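Reader: Could you take me on a close look at one part of this model, a loop residue and the elements around it? I would enjoy a connected account rather than a list.

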Amino acid sequence: MLVEAFLARQVNVIHVLFPTSIWIRYGRNFPAKIVAWNHTNGSALTVLPDIENPRELGGKTIAVPFWYSIHNLVLQQLLQRNGLKIVRKAKDAPSAPNEVNLVVLPPPDMVSALANKSIGGYIVAEPFNAAAENLKTGRVLRFTGDVWKNHACCVVFVHEEDIKQRKQWTQKVVNALVKAQLWSRGNRSEVARILSKDGGKYTPHPLPVLQRALTYYDRNFYKKDGAIQNPAWQVNRIDFQPYPFPSYTEELVRLLKTTQVEGNTDFLQKLQPRQVARDLVDDSFVRNALQQVGGPKAFGLPNNLSRIETIKF
């Protein structure tokens, strides 16, 4: 619904899964660009409490929020590296012991599906992982930010005509988002309160769930459980950072080429990673916005706004 509203130009800006923006621009040939990242990390693979390692997901059904998502990509890489075969069947269809059946579910439905054990797990953004933890119906098997260090999840996607014809307006949009991200990083408990159904009522989630999603990342606890395997990375469970690193876009395109998705994927195979990084993303607005809040250092970013991707599947 979000994508269709954007394509119909009913809305000008959307917060959308990064791989979905690739599908929109190149799969649907729609002129739009990423102007900033929104949150980094902030997702996890949550499973039934008795599942202790990825190999035990064989024969089970795992839910993803959308085929074109970082969640689907990371999950498939993890499963393949644990000797499991990815299949796509109906949710109730039986799978062989070495197969993992992937289905798409809306995130709110994932929590109830796991609770009634109609699925073996799901991979999605917060706070749905924290929700299962608090209900004690699921446990985090692996945080995605512990697989791909400070990966982008969702991005700010804008019509290309707005970027060209309304530059001042676009700059103001990005300025506001950058300021909001910076404030959110330093006020996590207040963000949880505002977003909770007990506070600003922006989400249906109770405050304890949002507090856990935004503030709880005990490295000793999660290292013992195996959810964190790279504590030296010193990342947060969820973070906010606006700069769209080209190296990330390039690696994402490479990995998407080997990820199972629904529909025609011919366009994916034709994409050149470096070209996509230049064509899909316009970082001029976020560069300007960063200077207004103290530069890249305000977010702990390098001054040259460059990095090498760190991935350990």
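Author:
**Around Asn38**

Happy to. Asn38 sits in the loop that links β2 to β3 (39-41). Keep in mind that this is a predicted model. Is Asn38 buried or exposed? Its relative accessible area is 10%, and because the cut-off for buried is under 20%, Asn38 counts as buried.

What does Asn38 touch, then, once its neighbours within four places in sequence are set aside? The contacts are His15, Cys154, Val155, Val156, Gln181, Asp239, Phe240 and Gln241.

Several of these names will come back. Take Val155 to begin with: in β10, Val155 is the bridge partner of Trp37. That pairing belongs to a wider one, since strands β2 and β10 (residues 154-159) run antiparallel and are joined by 5 bridges. Strand β2 itself (residues 32-37) has 6 of its 6 residues buried, so the rest of the structure largely encloses it.

Part of the surroundings here is a helix. Strand β2 is among the elements that cover the buried residues of α11, and others include α2 (18-27), α3 (70-81), α12 (266-270) and α13 (273-279). Helix α11 (residues 246-256) is mostly covered, with 8 of its 11 residues buried. Those are Ser247, Tyr248, Thr249, Glu250, Leu252, Val253, Leu255 and Leu256.

Now back to the contacts of Asn38, which include His15 and Cys154. Both also appear at the largest pocket: His15, His39, Ala125, Glu126 and Cys154 lie nearest its centre, out of 41 residues that line it. This pocket holds about 1300 Å³ of space. By class, its lining divides into 30 nonpolar, 9 polar and 2 charged residues.

For a counterpart, look at the second largest pocket, with a volume of about 350 Å³. It is lined by 20 residues, and Lys149, Asn150, Gly300, Leu301 and Arg307 are the closest to its centre. Its lining comprises 8 nonpolar, 7 polar and 5 charged residues.

One more asparagine makes a nice companion to Asn38. Asn230 is found in the loop between α10 (219-225) and β11 (238-240). Asn230 is buried as well, with a relative accessible area of 12%. Apart from neighbours within four places in sequence, Asn230 contacts Arg142, Asp146 and Lys312.

To return to where we began: Asn38 is a buried loop residue, and its contacts include Val155 of the partner strand.

Methods. Residues numbered from 1 in each chain as written. Predicted model: local features only at pLDDT ≥ 70, side-chain atom pairs only at ≥ 80, totals over all residues. Heavy atoms only, no water. Helix = DSSP H or I, 4+ residues; strand = E, 2+ residues; numbered from the N terminus. Buried < 20%, exposed > 50% of the residue type's maximum accessible area, 1.4 Å probe, protein only. Contact = heavy atoms within 4.5 Å. Pairing = 2+ DSSP bridges. 1 Å grid on protein atoms, 1.4 Å probe; cavity = no way out; pocket = protein on both sides within 12 Å on 5 of 7 lines; lining within 4 Å. Points joined across faces, edges and corners; volume = space filled by probe spheres on them. Nonpolar A, V, L, I, M, F, W, Y, C, P; charged D, E, K, R; others polar.
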